[in-house]
Amino acid sequence: MDIILLDALGSINGATQSNLEGKLQILDARPWLNAQGNALLGGGFENNEVYTNCDFTFCDIANIHEVKKAHHAMSLMALTPQAFGDKDSYLKSIDETGYYQLISTILKAVNMVVECIVEKKQNVLVHCSDG
């Protein structure tokens, strides 16, 4: 049933000059490797052989637990005044949280969504099936 639904979503806009096939763009928030691991454990994994009217892109965003961990570490930095004493150690501590890398990856994914919708006139589905 989901195959029919996703094919229909892809063809709603029909073919446009920038979206010649009228395909649905599916952005999987996970890294490709996580999706492969999920498939090995019996979880779902979309592919072009089954979903013929869809294009797939992996966004390489860490799972929600890693995002939460980085956010928590960054929050602790703000609550630790002694971390502000030495600029070099402060910047190193910020870098070690991984927060800015995650935010950068998330913003790249957001940019892909906007580009698909605005420039390519594609319908977009964003999902993550591993939390």
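These exercises look at salt bridges in a predicted model.

**Exercise 1.** How many salt bridges are there by the rule of a side-chain nitrogen of Lys or Arg within 4 Å of a carboxyl oxygen of Asp or Glu?

*Solution.* The count is five salt bridges. Three of them are worked through below, including the pair of aspartate 55 and lysine 23.

**Exercise 2.** Classify the link between aspartate 55 and lysine 23, then place both residues in the chain.

*Solution.* Step one: the N to O distance is 3.7 Å. That lies within 4 Å, so the pair is a salt bridge. Step two: aspartate 55 sits in strand 2, residues 54–58. Lysine 23 sits in the loop between helix 1 (2–11) and strand 1 (24–28). The two are 32 residues apart, and the pair links distant parts of the chain. Step three: aspartate 55 is partly exposed at 26% relative accessibility. Lysine 23 is buried at 14%.

**Exercise 3.** Are aspartate 28 and arginine 30 buried or exposed?

*Solution.* Step one: buried means under 20% relative accessible area. Step two: aspartate 28 has 4%, so this residue is buried. Arginine 30 has 1%, so this residue is buried as well. Step three: the two form a salt bridge, with their closest N and O atoms 2.6 Å apart.

**Exercise 4.** Where in the structure do lysine 69 and glutamate 66 lie, and what separates them?

*Solution.* Step one: both lie in helix 3, residues 64–78. Step two: they are three residues apart, which means about one helical turn. Step three: their side chains meet in a salt bridge at 3.8 Å, N to O. Step four: lysine 69 is exposed at 54% relative accessible area, whereas glutamate 66 is partly exposed at 37%.

Definitions and conventions. Residues are numbered from 1 along each chain as its sequence is written. This is a predicted model: local features need pLDDT of at least 70, side-chain atom pairs count only at pLDDT 80 or more; totals for chains, interfaces and linings use all residues. Side-chain values use heavy atoms; hydrogens and water are left out. Helices (H or I, at least four residues) and strands (E, at least two) are DSSP runs, numbered from the N terminus. Buried means under 20% relative accessible area, exposed over 50%, partly exposed in between (1.4 Å probe, protein chains only).
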